[in-house]
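Hi,

Here is the structure I promised to pass on. Have a look at it first, and my notes on what turned up follow underneath.

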Amino acid sequence: MKLKVLYFFIFFSSVSFAQEDFRSSIDSIEFYLINSKKNRSNNFEERLSYALRAQELSEIYRVDTLKVKSYINLSSIYREKGSANLFLKYSHRGLKLATKIDDNSLLAQINKNLGYYYYDISVDSAYYYDNKAEKLFRGLNDKFNTAVVLLDISILQRIDKDYTGSELTSINALSLLDQLDETEEVKTYKSYIYNNLGIVFKELFQWEESIKYNNKALDIKKSLKGTNTATIDSQKNNLANVYKNSKNYSLALEYYSELLSRKNLINDRPDFYAMVLDNYAHTLYLSKNLERLPGLYLKALSVSDTIDDIYNNVILNLHLAEYYNDNNKKDSAKYYAYRAKGISDGFSKDTYLESLLVLSKIENDSIAVKYYDEYIELNDSLIKNERNIRNKFTRIQYETNQKEQENIQLSRERSWLLIISVVLIMASFLIYIIITQRNKNKELKFIQQQQEANEEIYNLMLSQNDNIEEARTLEKKRISEELHDGVLGRLFGTRLSLDSLNTGTSVEAIKTRGQYIVELKTIEDDIRKVSHELNTDFVSGSGFIDIIKALIENQTKAYGFKYELNHNDDINWEEVSNKTKIHIYRIIQEALQNIYKHAKATLVKISFEIKNNVFCLMISDNGSGFDVNKAKKGIGIKNIKSRVNEIKGELTLNSEINKGTTIIIKVNTD
């Protein structure tokens, strides 16, 4: 038996240590994941080392969720570094594992990241992953991330001139953000969506709507915490562009002038400075205010050339070509028009198309016709391509929905298979429980019979003890009477005889007789004393208390702590039922065992007393104690509580950490 207990102890200790080690490892992985994310304290190399360590540990301990998270972190870091292959490698690893463990939250995040990656590379791929991410986030009821992905989709639609689709997607995203608390992050993304709507309506020539949404975006950006000068300036430039396109040149010039008056703008944001200066110059051109032209154009072009800003460079060359053409400077006009065409070729079809149109206006006769025909052909091709892309978006969405339906159907089939499996397992488990319960009932019945037998034996033992005590009392009384009436009488007579014979005159005779008399007196006193002690019921108050005392002495000696036992002599244990005494005995035994196992106490105090017909047993120790509210009730406490209920008593358990534990049991004796 002891060997089994030892095996169990070793097993559970091993399990406990293994769990603690595993939990520690999980905490370490979480620590590395947190530190691998972008913050001010860690540089790129430190973040990468943390991410690699998290990935290594998650592989060792085979924690799939943490493995996916480590892949996501690594892919994000490699994307920042510009390592496209490593970004794709870890993204697709994460995608595969997240699909395997069916973690939609992680799947949504990976698809979102892939959508970001393909944004500038492949519009249809970006749309494919964004669409999947949007469906997953919506399924998770993650309204914020759903709105963020919808914003990305709406921008992709706008870039490919699906303005109606972009508008509807933006409104959908806004409706989701409107359901959330107005946090800084929510407000920021609302401003992005308003900005996109402002651009969409500008392209649709709906100036009032465009101005409205641009102003909404501008108001939010002004209300955001922190330094938002750059994003506010960008929004003002967008608003000024709408005013310019709607021919409200005075307001447009006010906004451009305000932006150009910013100190150090040319140093802090040279690309933005060149763009605003070009917009300002072009507004002057459109308003027929040509005094400062082409100087402003040339200044902007110089800045753009310095920083190798291709897009602004193309636009500036086109604007200069238009300006010189209007002023009949054909050579200069052709120079800048052909320069714009050369730069935009292979860079942007839109700007290349615009350069063809400008050249068709500048060149003469057949060359002009040639460029115009090329313009029409390219324009038709772009329109067709835009239509195909919109159709492709629709097809991708349809295929995604179709795939989702297939997944739903597959999920249903899996669910039914799972339900059937669960039913079979539960049925098998119930059969097992029934069989096991029958065996347990037999075992419990046998144990109950044993307990009844033990109780009967104990009752007989107590009864026998009472009989022995009664016989002992009678025997003591008999011996007392015999000593008093027999031996003492004879000794008393002998002493009188010796005393009467004490007439000898010799010194020796008198001395001898005196010694006998003194000795007889001593014997008489001793016998009288014994007689009185024997006649006294010295077992009064003993019996059950002696049994308890023997238990406490044996247990505390074995467990190695001291004890104090206090009891009220007014308790008449003979009137207490044997059942109650058995339970009190077992409760004390269980309590001492619990103190030894858990409390690490050095002193135990046990007291019995009775007040107002209420019997009170108190057991206290000076051990480590525990939090009564948080601690789980062990088998020892459950046994004590069960025994207290059996005798219809009341149990109170008080404990304080590092101060000890007190058990109080009260039983009404009425």
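Asp268 counts as exposed, at 59% relative accessibility. You'll find Asp268 in helix H13. If you want a landmark for Asp268, try Ala230: the two are 38 residues apart in sequence, and their C-alphas sit 9.7 Å from each other in space. Bear in mind as you click around that this is a predicted model.

Now for the whole protein. The secondary structure adds up to 23 helices and five strands. Of the 670 residues, 38% count as buried. About 40,300 Å² is exposed, and carbon and sulfur atoms supply 52% of that. On contacts: taking those between residues at least 6 apart in sequence, 59% join residues at least 24 apart.

Helix H15 is a good place to start on the details. H15 runs over residues 295-307, so to speak 13 residues in all, and spans 19 Å from its first C-alpha to its last, close to the 18 Å expected at 1.5 Å a residue. Which residues of H15 are buried? They are Leu296, Tyr297, Ala300, Leu301, Val303 and Ser304. These cover an arc of only 160° around the axis, so they end up on the same side of H15. As for what covers them, the list includes helix H13 (265-268), helix H14 (270-286), helix H16 (310-326) and helix H17 (330-344). That brings back H13, the helix that holds Asp268.

Both flanks of H15 deserve a look. In the loop between H14 and H15 you'll come across Pro294. A cis peptide bond joins Leu293 to Pro294, with omega at about 5°. On the other flank, H15 is followed by Asp308, which has a positive phi, near 60°.

Helix H4 can be described in the same way. H4 covers residues 84-100, which is 17 residues, and reaches 24 Å from first C-alpha to last, close to the 24 Å expected at 1.5 Å a residue. Its buried residues are Phe87, Leu88, Tyr90, Ser91, Gly94, Leu95, Leu97 and Ala98. Helix H3 (64-81) and helix H5 (104-118) are included in what covers them.

After H4 comes Asp102, with a positive phi. Phi of Asp102 is near 60°, and this is a residue other than glycine. Asp102 belongs to the loop between H4 and H5. Is Asp102 buried or exposed? Asp102 is exposed, because its relative accessible area is 58% and the cut-off for exposed is over 50%.

Asn328 makes another entry under positive phi: its value is near 60°, and Asn328 too is a residue other than glycine. Look for Asn328 in the loop between H16 and H17. At 63% relative accessibility, Asn328 counts as exposed.

On to the interior. In soluble globular proteins, nonpolar side chains tend to be buried together. Here the largest nonpolar core has 49 residues, and the members touching the most others are Val68, Ile110, Leu114, Tyr118 and Ile193. H7 gives the most to this core, with nine residues. Apart from this core lies another, of 47 residues, with Leu218, Tyr324, Tyr336 and Leu356 among them.

What does Val68 contact, leaving aside its neighbours within four places in sequence? The residues are Gly94, Leu97, Ala98, Ile101, Leu106 and Ile110. Gly94, Leu97 and Ala98 are among the buried residues of H4 listed above.

Last, a polar residue on the inside. Ser154 lies in helix H7 (residues 143-159). Ser154 is buried, with a relative accessible area of 0%. A polar atom of the Ser154 side chain lies 2.6 Å from the backbone oxygen of Leu151. Leaving aside neighbours within four places in sequence, Ser154 is in contact with Ser166, Thr169, Ser170 and Asn196.

That's what I have for now. Shout if you'd like to go through any of it together.

Cheers

Methods
Residues are numbered from 1 along each chain as its sequence is written. This is a predicted model: local features need pLDDT of at least 70, side-chain atom pairs count only at pLDDT 80 or more; totals for chains, interfaces and linings use all residues. Side-chain values use heavy atoms; hydrogens and water are left out. Helices (H or I, at least four residues) and strands (E, at least two) are DSSP runs, numbered from the N terminus. Buried means under 20% relative accessible area, exposed over 50%, partly exposed in between (1.4 Å probe, protein chains only). A polar contact is a pair of N or O atoms within 3.5 Å; within protein, one must be able to donate a hydrogen and the other to accept it, and residues adjacent in sequence count only if both atoms are side-chain atoms. Contact means heavy atoms within 4.5 Å. The arc is that of the directions from the helix axis to the C-beta atoms. A nonpolar core is a set of buried Ala, Val, Leu, Ile, Met, Phe, Trp, Tyr and Cys residues joined through side-chain atoms within 4.5 Å. Accessible areas come from the Shrake-Rupley method with a 1.4 Å probe; for residues, only the protein chains shown count as cover.
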